[in-house]
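These are my notebook entries on a structure that I had not examined before. I set down what I looked up, in the order in which I looked.

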Amino acid sequence: MDWTYIIQYVLIAVVLLIISLVIVKLHHKNFNLEINKLVQYLGGKDNILDTEVNMSRFKVTLKDVSIVDKDGIQKLGAKGIVEIDNQLKIIFGPEARALKKYISEIR
């Protein structure tokens, strides 16, 4: 067996691993940035009273719904927003659970 082929395959595997780690790191940084923007669009962390998750829906109870930037939330990737009294039900997809966890941590 030729060792040069083995060394080439190992180098390719290492390079792919490094690229994968960089992509994961960048995605994590972007996700945190988007969550911070979401909190801002919801009127700040002091405006958020409670959060719940139901499948792909993120439900947030707010002090004042009138200060919410719904267009900003849509630009973050929300597939829909429903306002009922002082609550917003925002359809985010599978990221909804992570959003709830992060927002609960910063409150």
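**Entry 1: a pair of opposite residues.** I began with Arg57, which stands opposite Ile91 in β4. The model before me is a predicted one. I then asked how β2 and β4 pair, parallel or antiparallel. I found that they pair in the antiparallel sense, over five bridges.

**Entry 2: the whole chain.** I stepped back to list the elements. The chain has three helices and four strands, and from the N terminus on they run α-β-β-α-β-β-α. Of its 107 residues, 25% count as buried. I looked up the exposed surface as well: the chain exposes about 7600 Å², and carbon and sulfur atoms supply 60% of that area. Among contacts with a separation of 6 or more, I noted that 55% are between residues 24 or more positions apart.

**Entry 3: the sheet.** In what order do the four strands lie in the sheet? I read the order as β1-β2-β4-β3, in an open sheet with antiparallel pairing. The edge strands are β1 (48-54) and β3 (80-84), each of which pairs on one side only. Neighbouring strands of this sheet are turned by 20 degrees against each other on average, direction ignored. As general background, I recorded that strands of a sheet pair through backbone hydrogen bonds.

**Entry 4: β3 and β4.** I followed the edge strand β3 to its partner. Five bridges join β3 to β4 (residues 87-91), and the two run antiparallel. Within this pairing, Val82 has Lys89 of β4 as its bridge partner. I then traced the side chains along β4 and found that they alternate. Leu88 and Ile90 point to one face and are buried, whereas Gln87, Lys89 and Ile91 point to the other face and are not buried.

**Entry 5: two positive phi values.** As a general rule, most residues other than glycine have a negative phi. I therefore noted the residues with a positive value, given that rule. The hairpin of β3 and β4 has two residues between the strands, and in it Asp85 takes a positive phi near 55 degrees. Asp85 is exposed, because its relative accessible area of 69% is over 50%. Met55, which is not a glycine either, has a positive phi of about 60 degrees. Met55 is in the loop between β1 and β2, and at 68% relative accessibility Met55 counts as exposed.

**Entry 6: Thr61.** Is Thr61 buried or exposed? At 13% relative accessibility, Thr61 counts as buried, since the cut-off for buried is under 20%. The residue lies in strand β2 (residues 57-62). Leaving out residues up to four places away in sequence, I listed what Thr61 touches: Asn47, Ile48, Leu49, Asp50, Asn86 and Gln87.

**Entry 7: helix α3.** I turned next to helix α3 (residues 96-106), which lies across β1 and β2 and runs at about 155 degrees to β1. Which residues of α3 are buried? They include Ala96, Leu99 and Ile103. Seen down the axis of α3, its buried residues fall within an arc of 55 degrees, so they line one face of the helix. On the other side of α3, I found Arg97, Lys101 and Glu105 exposed.

**Entry 8: the core.** In soluble globular proteins, nonpolar side chains tend in general to be buried together. I looked for such a group here. The largest nonpolar core has 20 residues, and those with the most contacts inside it are Leu38, Leu42, Phe58 and Ile90. At least two residues of this core come from each of α1 (3-41), β1, β2, β4 and α3. I took Leu38 as a case to follow. Apart from its neighbours within four places in sequence, Leu38 is in contact with Phe58, Ile73, Leu76, Phe92, Leu99 and Ile103. Two of these names I had already met in α3, where Leu99 and Ile103 are buried. Ile90, too, had appeared before, as a buried residue of β4.

Technical notes: Residues are numbered from 1 along each chain as its sequence is written. This is a predicted model: local features need pLDDT of at least 70, side-chain atom pairs count only at pLDDT 80 or more; totals for chains, interfaces and linings use all residues. Side-chain values use heavy atoms; hydrogens and water are left out. Buried means under 20% relative accessible area, exposed over 50%, partly exposed in between (1.4 Å probe, protein chains only). Contact means heavy atoms within 4.5 Å. Two strands pair if DSSP finds at least two bridges between them. Axes are lines fitted to C-alpha atoms, for helices over the stretch in contact, and angles run from 0 to 180 degrees between N-to-C directions. The arc is that of the directions from the helix axis to the C-beta atoms. Accessible areas come from the Shrake-Rupley method with a 1.4 Å probe; for residues, only the protein chains shown count as cover. A nonpolar core is a set of buried Ala, Val, Leu, Ile, Met, Phe, Trp, Tyr and Cys residues joined through side-chain atoms within 4.5 Å.
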